Amino acid sequence: MRQSRRKAAICFALAGLLCCAPAFAFADTEGHPAEADIDRAVRQGWLSCGTGDRFSPDAALTRGMFVTALAKLDDAELPPAGRIFSDVPAGLSCARAVQWAVVNGIATGTEPGKFSPDQAVTREQAAVMLIRHANYSGVVLPRRRSRTVRFSDLDACSDSGLDALYTLYRAGIFDTEDGKIRPTDVMTRADCAVILRRYQEACEGTCPDNQQAMVISHMGYAAEAPENTLEAYELSDSRNYIYVETDVRFTCNNVPVLLHDDTIDRTSNGTGKVAQMTYQQLQGFSFDAGKDGYGGTALPTFEQFIQLCSKRYLHPYIELKSSVSGKQLEQMSDIVSKYGMTQHVTWISFDYSNLKRICRIYPQAEVGYLHSNADSRTVELAEQLKTGKNNVYLCARYTTLNSSVRAQCLRAGVYLEAWTIDERRTAVQQLNTSVQGITVDRLTPADIYR
């Protein structure tokens, strides 16, 4: 949100000039559940008075009114009215706000050449515009409610509407009624006053740690330290990551170690396939990945990594890089259990058989199906990993995620995680959806929640 509030003091001081009477004096708002929010919305100039001594709190809000309210909330410098739409002449009261909203990607027309400014705005239409405004403003919305979908009218939502309503419900901005999110209900003027107040508070407040999304440090903080080393994970901890991702492979003498590639060529001063070397042989190489100041860095074992995570209260995302046997999985699980981390790890893999094996042996294990392309089939495969006792993620390349995939995941009860993101703008856009977390190389939680 544009943070300038130069007009705020003026709005309060000149509240009487903003409308014909103070909101609390309206004949039809006294005792209304939204009375205080209506008063605030009128005093701030977000909403106009209505007619005479009435506010008409239960009257439908139009699309023109809503974009005007958003522009005033934003304290936007409105551009001259254009003729983008044939039904929005330059002299229309909302014309400049419509121009601002369309130019900045907050609103679109209802059909080619039409904006329908006098059409009532539905809850899901308003939700979509609010999400777009948050993205335009660079604000990541908080996560104040459970990530579990509890809407009994999911099927009444469009895909984009469901994703937006879920995100705003999770942020505490939209409410349900009798378990329903009511996507096609018309938004009233009173509804708008309540939602704008909640939205402003969510955007302007500092987001507490327990209301932030998962920001997963990819291979540790490899922007500075060698990837998949203890030094990299110590740096992740120092930069306030809670979630860290690692890659696990097995040596020829069956020791699980942290390594992304199947060879040590790129990350060490040696050559060869890790599966053809003993752990003792691997200790003779420096895994500094060519980074200055890290000469002699050792290849960590999986146990050393889990021990560090336990000590530092880090939640590891454990990527199994190749197919593992049931015995190898038990070996790793025993290490996790040894350090009291059983309920604090997530097992992920591109190899679907690994995940099926984990779910069969450990039905309560949290798992994530890694895939470069998110589509209806990958969502279906992820859903099949549900045991009734576990959490299941689809971990997908962020560029393949769209409203259809996100809605399908919400309806299936599959969580989404997006990888790999290194621009804040992209992070904001992904986190203002039903995505539960993102994997990053450089972005820190402080970079995102600034």
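Leaving aside neighbours within four places in sequence, Thr-122 is in contact with Pro-183, Thr-184, Asp-185, Val-186 and Met-187. Thr-122 sits in the loop between helix H5 (95–103) and helix H6 (123–137). The model is predicted. The points below cover two buried residues, a buried helix face, a helix pair, and the open and closed spaces.

**Thr-122**
- Is Thr-122 buried or exposed? Thr-122 is buried, because its relative accessible area is 15% and the cut-off for buried is under 20%.
- The contacts of Thr-122 outside its own stretch include Asp-185 and Met-187.

**Pro-256**
- Pro-256 belongs to strand E3, which covers residues 256–258.
- Pro-256 has a relative accessibility of 5%, so Pro-256 counts as buried.
- Neighbours within four places in sequence aside, Pro-256 is in contact with Val-248, Arg-249 and Phe-250.
- Other contacts of Pro-256 are Thr-301 and Phe-302, along with Gln-331, Met-332 and Ile-335.
- How far apart in space are Pro-256 and Gln-328, C-alpha to C-alpha? They are 8.4 Å apart, with their positions 72 residues apart in sequence.

**Helix H13**
- Helix H13 spans residues 352–361.
- Which residues of H13 are buried? They are Tyr-352, Asn-354, Leu-355, Arg-357, Ile-358 and Cys-359.
- These buried residues pack against three strands: E4 (315–320), E5 (346–349) and E6 (366–371).
- They also pack against helix H12 (326–338) and helix H14 (376–383).

**Helices H7 and H15**
- Helix H7 (residues 159–170) packs with helix H15 (residues 403–412) at an angle of about 65°.
- The axes of H7 and H15 are 8 Å apart.
- The crossing of H7 and H15 is left-handed.
- From H7, the contact is made by Asp-159, Ser-160, Leu-162, Asp-163 and Tyr-166.
- From H15, the contact is made by Ser-403, Ser-404, Arg-406, Ala-407, Leu-410 and Arg-411.
- By class, the residues of this contact are 4 nonpolar, 3 polar and 4 charged.

**The largest pocket**
- The largest pocket holds about 560 Å³ of space.
- Its lining has 20 residues, and the closest to the pocket centre are Asp-209, Gln-212, Ala-213, Met-214 and Tyr-243.
- Strand E1 (214–218) and helix H17 (445–448) each give at least two residues to the lining of the largest pocket.
- The lining of the largest pocket is made up of 9 nonpolar, 5 polar and 6 charged residues.

**The cavities**
- How many cavities of 30 Å³ or more are there? The count is 2.
- The largest cavity contains about 60 Å³ of space.
- Lining the largest cavity are Glu-227, Asn-228, Thr-229, Leu-258, Leu-259, His-260, Thr-267, Phe-287, Leu-299 and Pro-300.
- By class, the lining of the largest cavity has 5 nonpolar, 4 polar and 1 charged residues.
- The second largest cavity contains about 40 Å³ of space.
- Lining the second largest cavity are Gly-82, Arg-83, Ile-84, Phe-85, Val-88, Ala-95, Val-98 and Gln-99.
- The lining of the second largest cavity splits into 5 nonpolar, 2 polar and 1 charged residues.

Key: Residues numbered from 1 in each chain as written. Predicted model: local features only at pLDDT ≥ 70, side-chain atom pairs only at ≥ 80, totals over all residues. Heavy atoms only, no water. 1 Å grid on protein atoms, 1.4 Å probe; cavity = no way out; pocket = protein on both sides within 12 Å on 5 of 7 lines; lining within 4 Å. Points joined across faces, edges and corners; volume = space filled by probe spheres on them. Nonpolar A, V, L, I, M, F, W, Y, C, P; charged D, E, K, R; others polar. Helix = DSSP H or I, 4+ residues; strand = E, 2+ residues; numbered from the N terminus. Axes fitted to C-alpha atoms, helices over the stretch in contact; angles between N-to-C directions. Left-handed = near helix turned anticlockwise from the far one by under 90°. Contact = heavy atoms within 4.5 Å. Buried < 20%, exposed > 50% of the residue type's maximum accessible area, 1.4 Å probe, protein only.
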